[in-house]
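Subject: Structure handover

Hello,

Here is the structure I said I would pass on. Please look it over before you set anything up with it; my notes come after it.

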Amino acid sequence: MPYYRVVGEVPRKRHVQFRRPDGGLYAEELMGEEGFSSDSSLLYHRHLPTAIVKAEAVTPTVGARLEANLPLSPRHFRTQELSSAGDLVTGRMLLAGNGDVRLSYAVSDRPSELYRDSMGDECVYVQRGTVRFESAYGVIEAGEGDYVVIPTGTIHRWVPDGQVSVLVIEAGGHIRPPKRYLSQHGQFLEHAPYCERDLRAPAEPFVVEGEEVPVLVRTRGGLTRLVYRNHPFDVVGWDGCLYPFAFNINDFEPIVKKTHAPPPVHQTFEGPGFVVCSFCPRPLDYHPEAVPIPYNHHNVDSDEFMFYAGGDYSARKGSGIDVGSVSLHPAGFTHGPQPGAVEAVIEAVGRGVTTTSEMAVMVDTFRPLDLGPAALSCEDPAYAWTWAR
Ligand SMILES: [Fe+2]
């Protein structure tokens, strides 16, 4: 994250002796990106963060095999039909992915075990329900519409309050606000559709006592379960610019033009090889002769993965797409509004409609997305032909 935060107790200077009430030393840990050359935080542990007592290989319980999108076609997946076994980590149902990013859906009402993704940052979008995100940095209470962004290597767990459904974006690097929203020193600029005040981060330390605590660790080689001698949630204070945070999609301030604005105005985050955009309720384009839904487009360098999170999506009327659906419009295919949608929205504007209630999360990838087993199990095979009806 681009700005500094301090939580709990930290010593006045970094890398000096910092003592517990019993006179012993707290253990300082630096969590930092890009080899000491980017954002970092210093965390102060009651116990050594290096003390592990066991390491065991873990066989994934869910299918993770991806298949190429062949024959090439636009796809519609109905996540409404998916039910998961497991928690918000082990119960992830793989929808799509490539060498840069994996996109999964999960539904669960049970707490996850402690988890660390060492391959990249994660962004978990809460579609429905409320869930407590617990981490070594502290706690974030998350609810519907929240993106929770978790830096690489953060030990955390998910504790749902009832049933929760989420879309999970697993990056192969770091997820950040788009550079063009930030000053050269990292402050959000006035034209950005959100700013620091919209971000929620842990406000106080979260300390849990425990011994022999297992942590599931995801690495490029697979899954490992490391058993820590002491509970990793033993941080009495931390400071820095690297920490998990939440941002609610309803705090995104849509940018509206007189005629149709393309998805970069909806951009929320960027990661290596992809961007995340938030389509939010907003006024319709207001030129008297505007066509206030997208024109047909072929974004030749992107695959477009769109998760329909809520509201009413005029451009897709008649396609079978509903809340909970995912459309995948790959490079190599020109996509656009469903037949009759343009006429219908112009007619609605004529009746006085001035807003759209659509709510969607879009992940545009710069390399083709392959298809996961969960997506193929809930595909609507008729979708590809709906423009030709
Ligand atoms: Fe599109």
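The notes below go through the metal site, the cysteines, the backbone, one helix and the domains.

Please keep in mind that this is a predicted model.

Metal site

The iron ion has four donor atoms. They come from His297 (NE2), from Glu304 (OE, listed twice) and from His335 (NE2), at 2.0 to 2.8 Å. The angles that these donor atoms subtend run from 51 to 169 degrees, so the arrangement is irregular. For reference, four tetrahedral donors would ideally give 109.5 degrees. The spacing of the donor residues along the sequence is H-x6-E-x30-H. Glu304 belongs to strand β21 (residues 303-310), while His335 sits in the loop between β22 (325-329) and α1 (341-350); the pair therefore ties together parts that are 31 residues apart in sequence. Both Glu304 and His335 are buried.

Cysteines

How many disulfides does a search of the whole structure find? The result is zero. A disulfide is taken here as two cysteine sulfur atoms within 2.5 Å. For Cys123, the closest cysteine sulfur is that of Cys277, and at 12 Å it is too far for a bond. For Cys195, the closest one is in Cys280, at 15 Å, again too far for a bond. The two residues also come out in separate burial classes: Cys123 is buried, with a relative accessible area of 0%, whereas Cys195 is partly exposed at 26% relative accessibility.

Backbone

If you plan to check peptide geometry, there is a cis peptide bond from Leu70 to Pro71, with omega near -10 degrees. Pro71 is located in the loop between β4 (52-58) and β5 (75-78).

Two residues other than glycine are worth listing for a positive phi. His15 has phi near 60 degrees; this residue is in the loop between β1 (5-8) and β2 (27-32) and is exposed, with a relative accessible area of 53%. Phe36 has phi near 65 degrees. Its place is in the loop between β2 and β3 (40-45), and Phe36 is exposed too, with a relative accessible area of 77%.

Helix α1

Which residues of α1 are buried? They are Ala341, Val345 and Ala348. Around the axis these residues cover an arc of only 55 degrees, so they are on the same side of α1. The general background is that an α-helix has 3.6 residues a turn, so residues three or four places apart point the same way. Glu343 and Gly350, on the other side of α1, are exposed. Gly352 follows α1 and has a positive phi, near 105 degrees.

Domains

The protein chain is divided in two: domain 1 covers 5-68 + 82-240, and domain 2 covers 249-388. The distance between their C-alpha centres is 30 Å. As for contacts, 40 residues of domain 1 touch 40 residues of domain 2.

If you start with one part, take the metal site, where the donor angles of 51 to 169 degrees make the arrangement irregular.

Regards

Conventions:
Residues numbered from 1 in each chain as written. Predicted model: local features only at pLDDT ≥ 70, side-chain atom pairs only at ≥ 80, totals over all residues. Heavy atoms only, no water. Donors = N, O, S within 2.8 Å, 3.2 Å for Na, K, Ca; no water. Tetrahedral: all angles 85-135°; square planar, octahedral: opposite > 155°, others 65-115°. Helix = DSSP H or I, 4+ residues; strand = E, 2+ residues; numbered from the N terminus. Buried < 20%, exposed > 50% of the residue type's maximum accessible area, 1.4 Å probe, protein only. Arc of directions from axis to C-beta. Domains from an automatic or database assignment. Contact = heavy atoms within 4.5 Å.
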